[in-house]
Amino acid sequence: MLRYIIERIMAMIPTVLIIAVLGFIIIELPPGDYLTYYLHDLESQGNMNARMEIQNLRMRYALDRPAYERFFNWVANFARGDFGDSFAYRKPVKQLIGERLLLTIAVSLLSMALAWGIGIPIGVYSATHQYSFGDHLITTLALIGVGVPGFLLALVFLVAGFQWFGYAPTGLFSPAFEGASWSLSKVVDLLKHIWVPAAIVAISGTAGLVRTMRANLLDVLRVNYVQAARAKGLSEAKVIWKHAVRTAIHPLVMSLGMSLAFVVSGSEITGIVLNLPTTGPLYLQAVRQQDTYLAGTFLILLALMLVIGNLLADILLVIVDPRIRYD
Amino acid sequence: MSTLSRRTFLKLTAFGATAATMAACTAPAAPAPAPKATEAPKPAAPPAAAQVTAAPKPTEAPKAAAPTAAPAKPSGYAEAPALADLVKAGKLPPVEQRLPAQPLVLDPVAEIGQYGGTLRLADTTDVGGLTMMAIGVEPFTKHTRDLKTERPNVIESWEYNPDATEITLRFRKGLKWSDGQPVTVDDYLFWWNDMVLDQDIKVAPPTEVYPDGKHMTATKVDDATLKLKFPVGQPTFLELHGMNYGKSAQFVTPAHYLKKFHPKHNKEMKDNKELLDRYNNRWKYPDYPVFTAWKPVEYVAGQRGVFERNPYYWKVDTKGNQLPYIDRVEVTVVKDAQVMLLKAISGELDAQVRDFNIKDVPVLKENEAKGNYRVVMLDRGDIAWPWIMIQYDYKDAGIVDLFYKKEFRRALSVAMNRQRMNDIVWLGLGKARQPAMLPSNPEFQLPDGKKIYDGYANSYTQYDVAQAKKWLDEAGVVDKDNDGWRERPDGSKLELIIDVPVTDKPSVETCDFIKEDWEKVGLKTTINATDGTVVNQRTTNQEQMLRAWGSAGSDWLFTAPPVWTPIYNTVWSIGGQTIGQYYETGGQKGTAPRPGSALDKLQKIYTEAKQLTTREARFKKVLEGYQVHVDEGPITIGTIGEHVSPAVVKNNLRNFSEFAIVASWNMGFPGTGDPEQWYFKK
């Protein structure tokens, strides 16, 4: 087992490096660079001077250097914990991501906890009561939940909030607490706001979980050992939860591996619609503006989370599923 | 202000002809949404102007009237309670010592205000342009609230020599940075000598300081007096140098602070990175000294910015109360247009001037009472939104041949149903027109002006399908293979492609109508709605046939000439960027306009016009250029212009000046409406 883990970790290094190279190439692919975007912005404000300033800035950001040179300079500094500066914000990438990471993780974990806490029991109910009224109702709701994108739900929340409560639930803090340092009342304020994005993200997540859980459990319930367990006279709850669910949850555990990347990026579009101070909107804007180092660092972070998540999921599977061994 | 002597005043008045402001060129005659096209400004000042102390009546001489009409000096000074407490605690010098010897006395738009409150604004991608337009407009001289002329601001008075090759500027004595250090001529010279002329820094200077490629010389007379000499006459120097927050408002730099980051003054600095970052983003550094009404105290990248009152601010109201009235400014970055709207209708924005679509008006109006705000309709001053730019430098010569044919261009123009665009895209609040300058421009006030304006703005705007078909037939664009689409004269396929930035909603909507209209007369049309950066790339690379440019504001003749003559290497040059590049590089690079064509004539007329020293002669020459547009027009095609722009202002926010040209960032609204005297009524 230990040997397996070490091998996997060794394999991660080239994987992440290849992703970094590919990611950098893709970010560099569109014509122009961040400064063409910046120039467009300035010129549409009637700034005639901008074009001359741009040459200066191009040197300032070393954008006049070839791409491979910039890539190696950038990667070479990783060891020192320097991930370059964002062009748009003129701040170290590390600081920009750091500022937002904690809140992003908070929102993501909360929404995941909600989704799993609600999704699994409902999925189990739906499977064990197949084709009952409850199952049909849950299936209908779940299909709506899967079909409606998060950002649309967010807009619906905003409009509903404004219509009935005269207040649109954007952001994670009330204006009074936004700039304040951390205190008990700020945490309370955060809790007042965080449920909106968490609930919205959780709704789509829950719906997916319900559907997967239902389908898997239905498969497992038809298998002989479930019959055997029942024949042995075990209580129905024990049959379902101890024997069937433990096997049926297998693909969901695998999907947890994917979720680690989601935990650090959050939901991008929902984040924009709700004006959240999370990393998602930052990433999306960086890609749009060709803010190379910011977007690139993000990509590497996401890749890293993905490979680590997969490893963790594989380890977790051994614990959950007695049939699996890595030797 | 009273330091401007009567002698100076007379001199300046006499000099009015040449030195008259370009700002006067532009303000519409009346603040009504749709000024009558042919009316000259009435002698009576428009309503908003009546509230402006410094604004001279249009019948008076421009410029120098402003300083003399200043309100009487108040007898004593008062300050915000929070500052008074600091003074009592010994943490701040008393208000008399913080103010300059002659503070600028500002007559409030409506009434004397009350101290307190937080102004909540929104910005779109980061704390930046929109914020600075509201709280960063403190140039040498500022436009008056009615945008007709200039008034003293950082400089108390100024004097040109007769041929405008020399200007003497007098800085406000005792003006201080927000850290209490004095603001002197050296702060401007630091920018000029250590940042522009220093080859290691090389900040790009604006055109007005190096007319004809030769830069000015700046000499310090004393701490408060600066002399600038130009190689050629620069009668419009102050107006150009006073645009929005990016010119002299930025060029007067806190030298004592920036020296710490300049490699020449601080050997620890290896490069110009730190210096340029601070200089270009002054509102993001809480320690950067400013002389604006509020100073930065907090900045979270891409999320928010907070500004607090500057205790050393140098303006007072007529009662002697130190401005600003409002304590704090909080800027939230809102990246989604719907969220911006939502914030407005929930009453979370106090004075938001930009980034509402006209289509938002019904929703904004519906929630006025609930959100406790009012919707103010401001003038935009657009020549057209969008204007369909014909790119005469497109790489397909067959298409360019067609573009150079008058009949073809006219057919494109009259095939458009502008009434429908106006009704649907602009709720009927705009005006169908070609992209002519605004009717209130001074050149149109000359004897022939009205006629030329009418020809320029209103020709070929009538929807006429039969006429369009006739002109297309004349141009040889007919359907030869009976597939329902017209072909090029040589029989090959013809497809018109309009590029439009996908974020520009009104232009995208308008383009959909244009496609329908053009296809009705048999022209196959494709709309290429894509990222703005890509649209720009295609302009530069001559890959673009037609481009829909949104919100083209007409402000000053000589600051935005590319909208009527192709003389700049810029993406918004009429006729195509490389045709402007050809002119700018003297034929070294770019695409030559075809000899004898309208574009060729326009370039020649501009060359003649910019050498004329009197305002009158220049305007006459410019009218000659406009006549080319009348005779051969449309050279580029207009749709709907002169619309209004909704702004959201909270009901308890008072002293908001409603006179504006919003499309033009050069003008600097709402900065020109003096946000320092806005206040919250309790």
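The exercises below, each with a worked solution, concern a predicted model with a chain A and a chain B.

**Exercise 1. Chain A as a whole**

Describe the secondary structure, extent and burial of chain A, and state what part of its contacts is made by residues 24 or more positions apart.

Solution. Begin with the secondary structure: chain A has 15 helices and zero strands. Next, take the extent along the principal axes, where the C-alpha atoms of chain A fill a box of roughly 85 × 60 × 40 Å. Then turn to burial, for which the share of buried residues is 36% of the 327 residues in the chain. Finally, consider the contacts in chain A with a separation of 6 or more, of which 72% are accounted for by residues 24 or more positions apart.

**Exercise 2. The two domains of chain A**

Locate the domains of chain A, and work out which elements make up the side of domain 1 that touches domain 2.

Solution. The first step is the division itself, which places domain 1 of chain A at 2-80 and domain 2 at 98-320. The centres of these two domains, taken over C-alpha atoms, are separated by 31 Å. In the second step, the contacts are counted from both sides, and 15 residues of domain 1 of chain A turn out to be in contact with 13 residues of domain 2 of chain A. On the side of domain 1 that touches domain 2, the elements giving two or more residues are helix H1 (2-28) and helix H2 (34-43) of chain A, and the largest share, ten residues, comes from H1(A). Sorted by class, this side of domain 1 has ten nonpolar, two polar and three charged residues.

**Exercise 3. The surroundings of A:Leu316**

Is A:Leu316 buried, partly exposed or exposed, and with which residues beyond its neighbours within four places in sequence is A:Leu316 in contact?

Solution. A:Leu316 is found in helix H15 (residues 292-320) of chain A. Counting gives 14 other C-beta atoms within 10 Å of A:Leu316; because a residue is buried at 20 or more such atoms and exposed at 12 or fewer, A:Leu316 is classed as partly exposed. Once the neighbours within four places in sequence are set aside, A:Leu316 is in contact with A:Val253 and A:Leu256. The C-alpha atoms of A:Leu316 and A:Met254, which are 62 residues apart along the chain, are separated by 8.7 Å.

**Exercise 4. Two sheets of chain B**

Establish the strand order of the sheet that holds S2(B) and of the sheet that holds S16(B), and identify the edge strands.

Solution. For the sheet with S2(B), the order of the four strands is S2-S12-S10-S9, and the sheet is open with mixed pairing. Its edge strands are strand S2 (118-123) and S9 of chain B, each of which pairs on one side only. The mixed character can be followed strand by strand: S2(B) pairs with strand S12 (residues 328-333) in the parallel sense over six bridges, whereas S10(B) and S12(B) pair in the antiparallel sense over five bridges. Within S12(B), B:Val329 is the bridge partner of B:Leu119, B:Thr332 stands opposite B:Ala122, and B:Glu330 stands opposite B:Val306.

For the sheet with S16(B), the order is S16-S20-S18-S19, again in an open sheet of four strands with mixed pairing. Strand S16 (387-390) and strand S19 (524-530) of chain B have a single partner strand each, so one side of each is left without a neighbour in the sheet. The twist from one strand to the next averages 25 degrees. S16(B) pairs with strand S20 (residues 546-549) in the antiparallel sense over four bridges, and B:Ile390 stands opposite B:Leu546 in S20(B). As a last step, note that helix H21 (residues 505-520) of chain B lies across strand S18 (495-501), S19 and S20, running at about 170 degrees to S19(B).

**Exercise 5. Chain B against chain A**

Characterise the side of chain B that touches chain A, and say which element gives the largest share of this side.

Solution. The contact involves 41 residues of chain B and 38 residues of chain A. Among the elements that give two or more residues to the side of chain B are helix H12 (273-280), strand S9 (294-300) and helix H22 (532-540), and H22(B) gives the largest share, five residues. By class, this side has 15 nonpolar, 16 polar and ten charged residues. For H12(B), the buried residues are B:Leu275, B:Leu276, B:Arg278 and B:Tyr279; seen down the axis of H12(B), they fall within an arc of 165 degrees, and therefore they line one face of the helix.

Notes:
Residues are numbered from 1 along each chain as its sequence is written. Chains are lettered from A and ligands numbered from 1 in the order in which they are written. This is a predicted model: local features need pLDDT of at least 70, side-chain atom pairs count only at pLDDT 80 or more; totals for chains, interfaces and linings use all residues. Domain bounds come from an automatic or database domain assignment. Two residues are in contact if their C-beta atoms, placed from the backbone, lie within 7 Å. Ala, Val, Leu, Ile, Met, Phe, Trp, Tyr, Cys and Pro count as nonpolar, Asp, Glu, Lys and Arg as charged, and the others, Gly among them, as polar. Two strands pair if DSSP finds at least two bridges between them. Axes are lines fitted to C-alpha atoms, for helices over the stretch in contact, and angles run from 0 to 180 degrees between N-to-C directions. The arc is that of the directions from the helix axis to the C-beta atoms.
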